[in-house]
Amino acid sequence: MVLQAYRFALDPTPVQEMGLRSHCGGQRYSYNWGLALIKVNLDQRRAERSYGVAETDLTPSVSWSAYSLRKLWNHAKGVVAPWWAENSKEAYSSGLANLATALGNWNASKAGTSKGPNARFPRFKGKRAGLSCRLTTGSFGLTDDRRHVKLPRIGVVRTHETTRKLARHIERGNARIRSATITYRRGRWFCAFSVEIDRRDPVSTRSDSVVGVDLGIKSLAVLSTGEVIPNPRHLDHKLRELRRLQRQAARRIGPDRVTRQVPSARWRKAQTRIARLHTAVANARRDGLHKLSTRLVRAHGTIVLEDLNVAGMLRNRRVARHIAGVGMGEFRRQITYKAGWAGGRLQVADRWFPSSKTCSACGAVRAKLRLSERMFHCDQCGFTLDRDLNAARNLAALVGEAIGGMSSPSCGATRNEPDGNPRQTRTTRATGTATGRPTRSTPRRKVTAYETVPHVS
Ligand SMILES: [Zn+2]
């Protein structure tokens, strides 16, 4: 049993669209209402403390759980939102559940128990926030004609494409819908079902096969098998068109918050065209990545990727557009879950593993390798190979060794490191090498380590 989402684009009638919008608005309203309540409570308690009120005499704190927030909302809704009956109660529960999650994240982040960057205290949702609403109970699901979805209060909404891919699983009894989330993104309504599904994926044809994948910009991926997957550069191909549309939009009258200028209909039309272009690019990119990741998972039992610092690379504005245009993070996400479904293995090399600088023939590590050097040339054994293919082979060769999973920091990087690696600096000094040559704290990796790996000759 896995949890999987099935998302369908909707073609609602104007009346249904109003219903969808109203539900998302209700979600936002209850979220903001709960947040205001909690802020007032926190401020009150802070003020009382500053007057020296004893801890036991303070105004009681409001519980942050979704359950108690819902109870408070049900008490107050008749007064603060007399129109509440227009929407399914699920809309309000959805907002309060999101608020409870946001507060929980902030709490965990403050306590240092969560991974990732610090979470901010939740902020009020403005009108420009993305529209969405989650339905967890009630009558939602697919219809028998496989062209509509049922949503509470909103009714039976036509889908843009057939719902066959999910309907078949449900009819066979393999899948159960747990919740439905409606969203409005890039000018289009979607309904995503969270489905508990019994997947029977084909096991990879060669489960002993190992492939190293070097992701890049010049080519999307270079496999250790020698296969090069070119970068389709979807956005670059559309840039001329995008610039033309943006110039067009700039000549039209847009909104202005200061003068309260309402955007013109022509400006809106231009924005719709820009959004459509971005959607086409994103769809094409996602499609290509899905095809590649599925193919890799079907063909190989073990896939080795690099742990790329995508967020860090995106901060470099010279390459940000190209990095984002590849979708490396999305690729890794897809490989991760697809490998799990197919019973394959994913290994992620440590962030500091010098995959490009290591010689895939003898294991020596070069101190420096400029990005402009497209061919790897080994100083020690004279081996020459395409830079990316060399990196992919090094990744594939990692499999024979005991490298950790995604979070484990241990990998070949502790064995042989180039000079200048931040994590090796101390060790380098301790062993006292002043030659500038690569330092090795342990003996050079044996050639046999990767000769046992298929695909690498
Ligand atoms: Zn070499």
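**Figure 1. Hairpin of strands β8 and β9 in the predicted model.** Strands β8 and β9 form a hairpin in which 3 residues lie between them; the structure shown, here and in the views that follow, is a predicted model. The two strands, β8 and β9 (residues 219–223), run antiparallel and are paired over 3 bridges. Within this pairing, Asp214 is placed opposite Val222 in β9.

**Figure 2. Burial of strand β8 and its pairing with β11.** Strand β8 comprises residues 210–215, and 6 of its 6 residues are buried. Which residues of β8 are buried on each of its faces? On one side these are Val210, Gly212 and Asp214, and on the other they are Val211, Val213 and Leu215, with the result that both faces of the strand are covered. In addition to its antiparallel pairing with β9, strand β8 pairs in the parallel sense with strand β11 (residues 302–306) over 3 bridges. Gly212 faces Val304 of β11 in this arrangement. Two of the buried residues of β8, Gly212 and Asp214, lie on one side of the strand; Gly212 stands opposite Val304 in β11, whereas Asp214 stands opposite Val222 in β9.

**Figure 3. Strand β7 and its two antiparallel pairings with β1 and β6.** Strand β1 (residues 2–9) and strand β7 (residues 188–197) run antiparallel and are joined by 8 bridges. Ala9 is found opposite Phe190 in β7. Strand β7 also pairs with strand β6 (residues 175–185), again in the antiparallel sense, over 10 bridges. In this second pairing, Ala180 is located opposite Phe193 in β7.

**Figure 4. Turn of the β6–β7 hairpin.** How many residues lie between the strands in the hairpin of β6 and β7? The hairpin has 2 residues between its strands, and Arg186 takes a positive phi near 50 degrees there. The strands that flank this turn are β6, covering residues 175–185, and β7, covering residues 188–197.

**Figure 5. Open sheet of strands β3, β4 and β5.** An open sheet is formed by 3 strands in the order β3-β4-β5, with antiparallel pairing. Strands β3 (141–142) and β5 (155–158) stand at the edges and each has a single partner strand, so one side of each is left without a neighbour in the sheet. Strand β4 (residues 148–151) runs antiparallel to β5, and 4 bridges join the two. Lys150 stands across from Val156 in β5.

Terms used. Residues are numbered from 1 along each chain as its sequence is written. This is a predicted model: local features need pLDDT of at least 70, side-chain atom pairs count only at pLDDT 80 or more; totals for chains, interfaces and linings use all residues. A residue is buried if 20 or more other C-beta atoms lie within 10 Å of its own, exposed if 12 or fewer, and partly exposed in between; C-beta atoms are placed from the backbone. Two strands pair if DSSP finds at least two bridges between them.
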